[in-house]
Amino acid sequence: MPSRDATTHWVGDLQSGKGHVTLDSSNAGQFEVSFPTRAGNPDGQTSPEELIAAAHSSCLAMNLSGVLASENLVADSIDVSAEVTLGPAKGGGFEISGIEITLRASVDGVDPDRFAELAATAERTCPVSKALAGTTIKLDAALA
């Protein structure tokens with residue numbers, strides 16, 4: 001399996017500095033970052049937490065599709081949103097204090113209880129969920 005990479009160039013201190021993130025592998029985008037927009041109003045800039053949310057939601061959607069396929073099921077649609085929260089850490093600094101995932105899917109041929117089991121399996125086996133296992137992840141999954 002391939003590796004993917006991104007690069008950030010930062011200039012200045014934490015409060016007044018700024019950075020430029022480049023998605024190197026795909027060349028899909030370049031984004032500005034700064035701490036004031038990370039901790040406050042995004043003002044058109046992204047943040048590490050937003051990038052993690054994008055990674056988590058896209059990974060879980062793909063993984064659920066695979067879990068469903070293992071049951072010979074195909075979703076008409078899967079919608080996943082991830083809300084990643086930055087908060088103060090005990091002992092100083094900051095931490096990702098939680099991730100709330102909302103997953104809705106339209107899947108014929110599965111009842112809500114079985115879907116909940118499959119969604120939980122998808123979340124538990126999602127590579128990004130595994131990478132983020134040090135934080136609290138809450139999953140709200142339901143058929144649409």
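Reader: How many bridges pair β1 with strand β2, and in which sense do they run?

Author: In this predicted model, β1 and strand β2, the latter covering residues 18–23, are paired in the antiparallel sense over six bridges. One position to look at is Ala-6, which stands opposite Leu-23 in β2.

Reader: And which sheet do these strands belong to?

Author: They belong to an open sheet of three strands, ordered β1-β2-β3, in which the pairing is antiparallel. At its edges stand β1 (6–11) and β3 (30–33), and because each has a single partner strand, one side of each is left without a neighbour in the sheet. Neighbouring strands here are turned against each other by 20 degrees on average, with direction ignored.

Reader: Stepping back, how many helices and strands does the protein chain have, and what pattern do they follow?

Author: The protein chain has four helices and six strands, and along the sequence these follow the pattern β-β-β-α-α-β-β-α-α-β. The C-alpha trace spans about 55 × 35 × 25 Å along its principal axes, and 31% of the 144 residues count as buried.

Reader: OK, on to β4 and β5: how many bridges join them?

Author: Strand β4 (residues 75–88) and strand β5 (residues 94–107) run antiparallel and are joined by 13 bridges. Within this pairing, Glu-83 stands opposite Glu-100 in β5.

Reader: What about the hairpin, which residue takes a positive phi there?

Author: That is Gly-91, whose phi is positive and near 90 degrees, in a hairpin that has five residues between β4 and β5.

Reader: Then β5 and β6, parallel or antiparallel?

Author: Those two run parallel, with seven bridges joining β5 to strand β6, which covers residues 137–143. Arg-104 is one residue to inspect there, since it stands opposite Ala-142 in β6.

Reader: Which residues other than glycine have a positive phi?

Author: Two to look at are Asp-43, with a positive phi of about 45 degrees, and Asn-72, with a positive phi of about 60 degrees. As background, most residues other than glycine have a negative phi.

Reader: Where do Asp-43 and Asn-72 lie, and are they buried or exposed?

Author: Asp-43 has its place in the loop between α1 and α2, and with 62% relative accessibility it counts as exposed, because the cut-off for that class is over 50%. Asn-72 lies in the loop between α2 and β4, and Asn-72 is likewise exposed, with a relative accessible area of 75%.

Reader: Changing topic, how many aromatic pairs are counted?

Author: The count comes to one aromatic pair. The partners are Phe-35 and Phe-94, whose rings lie 5.6 Å apart, centre to centre, with 50 degrees between the planes, in a tilted arrangement. This pair links distant parts of the chain, with Phe-35 in helix α1 and Phe-94 in strand β5, 59 residues apart.

Reader: Why does Phe-35 count as buried?

Author: Phe-35 has a relative accessible area of 10%, and the class of buried residues takes in values under 20%, so Phe-35 falls within that class.

Reader: Now the pockets: what volume does the second largest have, and which residues line it?

Author: The second largest pocket has a volume of about 160 Å³. Its lining includes Phe-35 once again, along with Thr-8, Trp-10, Val-21, Arg-38 and Leu-51, among others. At least two lining residues come from each of β1, α1 (35–39) and α2 (48–69), and the lining divides into seven nonpolar, four polar and one charged.

Reader: And what about the largest pocket, how much space lies in it?

Author: About 190 Å³ of space lies in the largest pocket, and Met-1, Pro-2 and Arg-4 line it.

Reader: Last one: where does Ala-120 lie, and how far apart in space are Ala-120 and Leu-139?

Author: Ala-120 lies in helix α3, which covers residues 112–125, and Ala-120 is partly exposed, with a relative accessible area of 34%. From C-alpha to C-alpha, Ala-120 and Leu-139 are 7.7 Å apart in space, while in sequence they are 19 residues apart.

Notes. Residues are numbered from 1 along each chain as its sequence is written. This is a predicted model: local features need pLDDT of at least 70, side-chain atom pairs count only at pLDDT 80 or more; totals for chains, interfaces and linings use all residues. Side-chain values use heavy atoms; hydrogens and water are left out. Two strands pair if DSSP finds at least two bridges between them. Axes are lines fitted to C-alpha atoms, for helices over the stretch in contact, and angles run from 0 to 180 degrees between N-to-C directions. On a 1 Å grid over the protein atoms alone, a cavity is a set of points where a 1.4 Å probe fits but cannot get out, and a pocket is an open set with protein on both sides within 12 Å along at least five of seven lines; lining residues have an atom within 4 Å of a point. Grid points are joined across faces, edges and corners, and a volume is the space filled by probe spheres set on the points. Ala, Val, Leu, Ile, Met, Phe, Trp, Tyr, Cys and Pro count as nonpolar, Asp, Glu, Lys and Arg as charged, and the others, Gly among them, as polar. Rings of Phe, Tyr and Trp (its six-membered ring) pair if their centres lie within 6.5 Å; planes under 30 degrees apart count as stacked, over 60 as edge-to-face and the rest as tilted. Buried means under 20% relative accessible area, exposed over 50%, partly exposed in between (1.4 Å probe, protein chains only).
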